[in-house]
Amino acid sequence: MDNVYHVPVMLRECMDALAIKPNGIYVDVTFGGGGHSREILKHLGPEGRLFAFDQDPDALNNVIDDSRFTLIHQNFRFLKNNLRLNGVKQVDGILADLGVSSHQFDAADRGFSIRFDADLDMRMDQISDVDARTVLATYAEEDLHRIFGMYGEIINAKTLAKTIVTARLTSPINTVSELKDAIKKLVPRGKEHKYHAQVFQALRIEVNRELEALQEFLLQTVDVLKPEGRLVVMSYHSLEDRLVKNFMAKGKFRGDVEKDFFGNEIKPFLVISRKAITANENELVENNRSRSAKLRIAEKLDIA
């Protein structure tokens, strides 16, 4: 079915970045509402192929009826194995639009949004044993401090963790409204939306192990992409963007670029976008989700 709620971010910029070959093989590892995938198919010829990944069962409702298209119901951290199961070893381009889809934010019962009162779920796959309620109910104070500080970049993360641990002694924190009520004394006046968004971001990243999955995915792209194949990644917060930027520049997530005996840099990619590409003014007006998006592009080097 056609998805009426999903507005793909920086659609034209993504297509330009992929430099699509009509008969090439491409992967959209964050299918969601299918907006980017539909546009990729428009650029492909009859021999072209598109594989898409999404772990969210809701994404299955948006499957595209096209013989060139295959939707794989898996997390993109399993990219390489699933492509091989489909008879594909290397591809011409990979697109990743990270973060939460518009649908996940707008579906009140998923617990991703601060706009609705719902159970604190936040699982993208709907099958994991760990949801946001479990994190808030069972994590030690020091672990909550870590995720709020690291993933949410919250200034008073230590106090926030202590407040939650104290609050849960008397009453469980199972819903969005219960969480807001438990932490209301810590929220800076006039910055309620931003603070709540940071708290939710931290919980979501922890529940879905998003940074671990991103690193596993990026490492696999080195083998999966053909020489001159394009890696195109959009991220929405600094933690993701830093990992993507470092990996594209160095082939690793921290430390310096490795060098051979002669001092030549050993790295798998040529960075095409020296600076992150951001949405233009028109898109910022039309699509609020594009406000924090950063697009980076790299091309696989022939290192054989």
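This text walks through one helix, a set of paired strands and one glutamate. The model is predicted, so local features need pLDDT of at least 70 and side-chain atom pairs count only at pLDDT 80 or more, while totals for chains, interfaces and linings use all residues. Residues are numbered from 1 along each chain as its sequence is written, and side-chain values use heavy atoms, leaving out hydrogens and water.

Start with helix α1, residues 11-18 (helices are DSSP runs of H or I with at least four residues, strands are runs of E with at least two, and both are numbered from the N terminus). Its buried residues are Glu13, Cys14, Met15, Ala17 and Leu18. Buried means under 20% relative accessible area, exposed over 50%, and partly exposed in between, with a 1.4 Å probe and protein chains only. These buried residues pack against several elements, including β1 (25-28), β4 (91-97), β5 (225-235) and β9 (294-300). After α1 comes Ala19, which has a positive phi, near 50 degrees.

Next, follow strand β4, where 7 of 7 residues are buried. Strands β1 and β4 run parallel and are joined by 3 bridges; two strands pair if DSSP finds at least two bridges between them. Val27 stands opposite Ile94 in β4. Strands β4 and β5 also run parallel, with 6 bridges, and Gly93 stands opposite Arg230 in β5.

Arg230 leads to Glu299, since the two side chains make a polar contact at 3.0 Å (a pair of N or O atoms within 3.5 Å; within protein, one must be able to donate a hydrogen and the other to accept it, and residues adjacent in sequence count only if both atoms are side-chain atoms). Glu299 is found in strand β9. Glu299 counts as buried because its relative accessible area is 19%. Not counting residues up to four places away in sequence, Glu299 touches Glu228, Gly229, Arg230, Pro268, Phe269, Leu270 and Ile272, where contact means heavy atoms within 4.5 Å.
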